[in-house]
Structure formats: C-alpha cells, structure tokens
Amino acid sequence: MRVVTEFTSPHLLALTNSGSERALKGEVVAAGLGWRPGFQAKGMVAFKAGDGVGEFGREALRERLAFARRVSLFAGKAGTREGAEEVVRGVGGAGMVVHHLGLEKGRLVGMGGGVGEGRLADGAVVGTVIEVGPEDYWTGLHWHGRLLSPDPGGASGVEMPEDAPSRAWLKLEEAVRFFDLRFRAEDVVVELGCAPGGVILALLRRGVSVIGVDPARLAPVVMASAVAEMPGAGVGGTVPWVVHCRKPAALVSKRDLGGRATWFMSDMNQSPAVAITECRRCIGMCPSIRSAVITLKLTDFAEASAQGEWLAAMRAMGFRTVRLQQMAVHHRELALVGLERSEK
Ligand SMILES: C[S@@+](CC[C@H](N)C(=O)[O-])C[C@H]1O[C@@H](n2cnc3c(N)ncnc32)[C@H](O)[C@@H]1O
C-alpha cells in the first residue's frame, strides 16, 4: 500500500480548544515561526507561510505548541464530509486513517469515536476532516509520532464514570492516551493536590498505588483503598493502595514520600511558580521518579509566555523529554509533562 511520506502545503491547520485561539496565535508569534494567521473558526486556526518561509512541509509539524492539540498540513476543502474524505485520501492514500471532527456544544470533538481504536503506528498517515460550517469541510494531514495524540484532533472523547470524585479523572485518562503513558503494577505515584481523588481513582483502577498529598478529604470511593502506611515492596500482593498524606506540599518530608515512588503528579490549585517550586522540592526527594505530569493552573493564558522557564525547570529536575500541552479536557490549565528522568 502506498504510504505518503512527504507533502507540502501553503497552509497549516492548528486545532485548539475553543477560547484558546488567541493564545495559540500569541504562542506562534512568540516562537518566531513566521507563520501568519489566516482563516479562523472555533477551535481552528489556519496559518500561511510568511515571507521567505515558502510552503509548509513535514518539518513544520515538528514544532511543539502548547495550545495546539493537532497541527496538520492543509490538504484541501469540500462541501460534504464524503467529498472531504476523498480529498484527503487523494493526498494521503486510500489506506490512511481519517478522523472526522465537528462542533458539539461549541467544542471541536471527534465524530464516530476514536477511543477503543488501537494505537497508531509511528509514521502512520492520518487525515483530519473538520466540519467548519454547513457545507464547509477543511482537511489536513499529519504523520503520527511520539507524544502526539492518536485521537481525532487530540480529543479522546473518554467519558467519566459516575463514581469519579472529580473531573481530574478525565485529565489523567486523557493524558494517558495523549502521551501514551504506561504504568506497571509496581509503580507508585506521588500526587500533590490529590483531593477529592479523581486521579487516584483512575490510577487505582489501572492497578497503580498512590501516595496522595492534600490537606483536604478524599472521597469514600478512594478511601476504600486507603492504608495507613505504604506497604513494603512486594508486600500486599497486587492490590493497589493509597496513602493519604494529609498536609500541604510544603510540609512533606522525604519520609512521607517513601523510598520508591516512580511517578509524580501534581494538580494543586496554586500559581505555576508555586506549583513548580513545590514539585521541584518533592521530586528532588525521590531519586526513583522517572516521569511526571504536572497540571499548571493559569488565571490568564498570557502567563504561558513563561513556558520556556517551566520547560527548563523540568529539564533541570532531570527529565530528558519535556512537553507543555493543553489537552481537550483542560480549561485554564496546561499539562507540563516530564519523561525519562535520569538518575542524579
Ligand atoms: C483541582 S483540586 C485537585 C483534584 C485532584 N487531583 C483529584 O484528582 O480529584 C486542587 C487541590 O489542590 C489542593 N492544594 C492546594 N494547595 C495545596 C498545597 N500547597 N499542598 C497540597 N495540596 C494543595 C487543594 O486542597 C485541592 O484539593
């Protein structure tokens, strides 16, 4: 089967959360990419190449923009969904995966699902068809790769179970799909700002144990797995547990965190600067931590102009791969992800 490996286009399509379009355009300017914003619709900004940039090619898709859930090379337009699918398949080949997106309650979401489909292979050609308006379908094409969401427009469409104590359940599950995060039964996650326990519930159901730090109470559904002290490695079989360390992050000691945490998460409602300071201190006490997902809460998207500092802070903590990403489930939030932390 023919697999297209190169394609150039005068336009890029960037998909973002509704309300983040301005932040995305500001980020492109700040990065000095020379992309000029053109047509814009809810959740989508089309960019054209500025003077001297010429056409966009595959390398333009390697730019990592926190506010873009998906960037693809514009492949053409059509008046119907079927016509648009034909347009993009004409460029990417008959065997390509094609995602369809449309507006639902003002947000661009996948139509016909995406969740439940297998993982996409690295290099797989993916077409995206976006219903921009009645009889107005825009199409784009990109290649799947590491740390790119496999879901339509980067929106997993995962639905929260009724017993989830908070929307944070969705944030964890979406991050797992977006970044292809993998957990092992022996993993222990430290989470700062863990109450009422949406993330903990998602982790417990994935078979992973948690040391949760928060002065606030945990919901009964997660307290059902609570133990007073962290069991020794290999003790207690494969039943995941949670230890609730009921204090603010600043009072946490090395002893509270045990000696074998492998993952780190934070979801505190604090400014990015405070959150990163607390995270740095706790991660510094756990040499065995390899991966981290830190939710940064913004009062204004303009705060994201500090993203270079946040990414540098993650690198300084020892994470070799770092990413800042707004996910579909986020409101005024961003995920700061660190992977492959090396021994210090
Ligand atoms: C958005 S909620 C967290 C949701 C949680 N991750 C979940 O899965 O349900 C924010 C939490 O951060 C906690 N928090 C704020 N500042 C904190 C601090 N300095 N140390 C620990 N927790 C903090 C609050 O008590 C609150 O429960």
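**Exercise 1. Which residue follows α3, and what is the sign of its phi?**

Two ground rules before we start. Residue numbers run from 1 along each chain as its sequence is written. The model is predicted, so local features need pLDDT of at least 70 and side-chain atom pairs count only at pLDDT 80 or more, while totals for chains, interfaces and linings use all residues.

*Solution.* Look just past the end of α3 and you'll find D180. Its phi is positive, near 55°. (Helices here are DSSP runs of H or I, at least four residues, and strands are runs of E, at least two, numbered from the N terminus.)

**Exercise 2. Check the span of α3, then work out how covered α3 is.**

*Solution.*
- Step 1: α3 covers residues 168–179, which is 12 residues. The expected span is 1.5 Å times one less than the number of residues.
- Step 2: That gives 16 Å, and the first and last C-alpha of α3 are 16 Å apart, so to speak a good match.
- Step 3: Now count burial (buried: 20 or more other C-beta atoms within 10 Å of its own; exposed: 12 or fewer; partly exposed: in between; C-beta atoms are placed from the backbone). In α3, 11 of the 12 residues are buried, including W169, L172 and F178.
- Step 4: These buried residues pack against α4 (198–205), β13, β14 (319–325) and β15 (333–341). Contact means C-beta atoms, placed from the backbone, within 7 Å.

**Exercise 3. Find where the buried residues of α6 sit around the helix.**

*Solution.*
- Step 1: List them: P272, A275, I276, E278, C279, C282 and I283.
- Step 2: Look down the axis of α6: the buried residues fall within an arc of 165°, so they line one face. The arc is taken from the directions from the helix axis to the C-beta atoms.
- Step 3: Recall the rule: an α-helix has 3.6 residues a turn, so residues three or four places apart point the same way.
- Step 4: See what that face meets: β9 (188–192), β12 (263–266), β13 (291–297) and α7 (307–316).

**Exercise 4. Explain why S149 counts as buried, and name its contacts.**

*Solution.*
- Step 1: Place S149 in the loop between β8 (136–143) and α3.
- Step 2: S149 has 23 C-beta neighbours inside 10 Å, so it counts as buried.
- Step 3: Setting aside neighbours within four places in sequence, S149 touches R69, G154, R177 and F178.
- Step 4: S149 and V176 are 27 residues apart in sequence, yet their C-alpha atoms are 9.5 Å apart.

Technical notes. Contact = placed C-beta atoms within 7 Å.
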